[in-house]
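This report concerns the internal spaces and the helix packing of the structure shown below. It is addressed to a reader who will inspect the residues alongside the text.

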Amino acid sequence: MRALPAMIAALIVAFVGAAPENLAATLRAVAARYYQSAGQVAAVAGRDATMDYYDRLLDDAELVSQSSADPRLTQRWRESATAASQLDLSLAMQLMERSYPPMASIRGLGESLVRSSKDGTMQPVSVYVPTQYSAPKPAALIVFLHGNQETESQLLSAPYLRELAESTGTIVVAPYGRGAYDFRGAESDVYDAFDAASQAFAIDARKRYLAGYSMGGFSVFSLAPIHPDDWSAIMSIAGSLLQSRASQLLVRMPANVRYYILTGALDRTVPTLWPT
C-alpha cells in the first residue's frame, strides 16, 4: 500500500485547524468532488456504502456549522464534531485517490481502510493508537462496535474515549460494518479489522477485547462465538444478551472469558431489567 500523498495529508492538517465556517466549506467542497467520483469509488468500496460516505461529509458540514452558531454546545461537543469530520474527510480522500496508508502508520486518531476477506472491497475502520505505543511493549486491543445509525468515526470521535485509550495504553479499532443492522452480513468486516490490527501492532494476547455500544452491545454476543478464542473478555454497553444467543455463548465461548455489562438505570431504550 502506498503512503497517503503529501497533498492529502496537508489538506487534513489544515482542515483540523480551520475555523468552523471553513471546515464546513471544505467538507462541502470535498463532498462535491466525491459525488463526481462516486462511480469510481463504488468499484473500490462497494455500491451499498459508497453514498453513505458522501452523506457523512454533508452531515459533518451541518454539525460544524451548528457548532459555531449554537452557544449552548460545549467545547467537548465541538471537539467531537471536528474529530469525526477529520476521519470522514480522510476516508473520502483515500477512496478518491485510491491511496491507503497502512494501519501501522497511525498514531493518535486515524482512519484506515481494510480489504474485505468477503468481497475484496475496502472497508473503513477508525483507529486510535496511544502516542506512547511501542512495539517492544505489546498493547491491549479493543474492537469496539458502534450503535445503530452511528458510524465508526462518530464512535471514536468522543474525546473521553480517546483519553481513556491514551491513559491506559490501549489500541482501539472500530469497524463500520457497512452500516448493517446488528452487523449481520458484515461479521467478516469485524474480524478483518481485528486481524489487521493484530498484524499492524504488537498486541498482548491476554488483552484482546470485544466491546459494543447499544446495537453493538447486542452484537457482541453474536459475534464473539464466531471466533471464541480471539477474545479475553466481552463488554456490552447499553445492550443486552438475547435469549436466542445465550446457547452459543454457553457452547462455544471458553469458560475463562469474562463478561462486563454496563447499563444505565434511567435508560429507556434498553431498560436495565434486560441486561440484568
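The lining of the largest cavity comprises 5 nonpolar, 3 polar and 2 charged residues. The model in which this cavity was found is a predicted one. The structure holds 1 cavity of 30 Å³ or more, and the volume of the largest cavity is about 50 Å³. Its lining is formed by Val114, Ser116, Gln123, Pro124, Val125, Pro175, Tyr176, Gly177, Asp189 and Asp192. Two elements, β2 (122-129) and α8 (187-200), give two or more residues each to this lining. The largest share, 3 residues, comes from β2.

**The largest pocket**

The largest pocket has a volume of about 710 Å³. It is lined by 31 residues, of which Ala140, Ile142, Thr168, Thr170 and Tyr209 are the closest to its centre. At least two lining residues are supplied by each of β3 (139-145), α7 (159-168), β4 (170-175), β5 (203-213), β6 (233-237) and β7 (258-262). Strand β5 contributes the most, with 6 residues. In terms of class, the lining of the largest pocket divides into 20 nonpolar, 6 polar and 5 charged residues.

**Packing of the helices**

Three helix pairs are set out in the table, each with its angle and the separation of its axes.

| Helix pair | Angle | Axis separation |
|---|---|---|
| α3 and α4 | about 125 degrees | 8 Å |
| α4 and α5 | about 150 degrees | 9 Å |
| α5 and α7 | roughly 80 degrees | within 9 Å |

Helix α3 covers residues 38-45 and helix α4 covers residues 47-69. At their angle of about 125 degrees, α3 and α4 are therefore oblique to each other. Their crossing is right-handed. On the α3 side the contact involves Ala38, Val41, Ala42 and Ala45, which meet Arg47, Thr50, Met51 and Tyr53 of α4. This contact has 6 nonpolar, 1 polar and 1 charged residues.

Helix α4 also packs against helix α5, which spans residues 75-97. An angle over 145 degrees counts as roughly antiparallel, and α4 and α5 are therefore roughly antiparallel to each other. Here α4 passes α5 in a left-handed crossing. From α4, the residues in contact are Tyr53, Arg56, Leu57, Asp60, Leu63, Val64, Gln66 and Ser67. They meet Trp77, Arg78, Ala81, Ala84, Ser85, Asp88, Leu89, Leu91, Ala92 and Leu95 in α5. Sorted by class, the contact of α4 with α5 has 11 nonpolar, 3 polar and 4 charged residues. Tyr53 of α4 thus takes part in the contact with α3 and in the contact with α5.

Helix α5 in turn meets α7, and the axes of the two cross at roughly 80 degrees. That angle makes α5 roughly perpendicular to α7. In this contact Arg76, Glu79, Ser80 and Ala83 of α5 meet Pro159, Tyr160, Arg162 and Glu163 of α7. The contact of α5 with α7 divides into 3 nonpolar, 1 polar and 4 charged residues.

Helix α7 links the two topics of this report: it is in contact with α5, and it supplies at least two residues of the lining of the largest pocket.

Key: Residues are numbered from 1 along each chain as its sequence is written. This is a predicted model: local features need pLDDT of at least 70, side-chain atom pairs count only at pLDDT 80 or more; totals for chains, interfaces and linings use all residues. Side-chain values use heavy atoms; hydrogens and water are left out. Axes are lines fitted to C-alpha atoms, for helices over the stretch in contact, and angles run from 0 to 180 degrees between N-to-C directions. Helices (H or I, at least four residues) and strands (E, at least two) are DSSP runs, numbered from the N terminus. Angles under 35 degrees count as roughly parallel, over 145 as roughly antiparallel, 65 to 115 as roughly perpendicular and the rest as oblique. A crossing is left-handed if the near helix is turned anticlockwise from the far one by less than a right angle, and right-handed if clockwise. Contact means heavy atoms within 4.5 Å. Ala, Val, Leu, Ile, Met, Phe, Trp, Tyr, Cys and Pro count as nonpolar, Asp, Glu, Lys and Arg as charged, and the others, Gly among them, as polar. On a 1 Å grid over the protein atoms alone, a cavity is a set of points where a 1.4 Å probe fits but cannot get out, and a pocket is an open set with protein on both sides within 12 Å along at least five of seven lines; lining residues have an atom within 4 Å of a point. Grid points are joined across faces, edges and corners, and a volume is the space filled by probe spheres set on the points.
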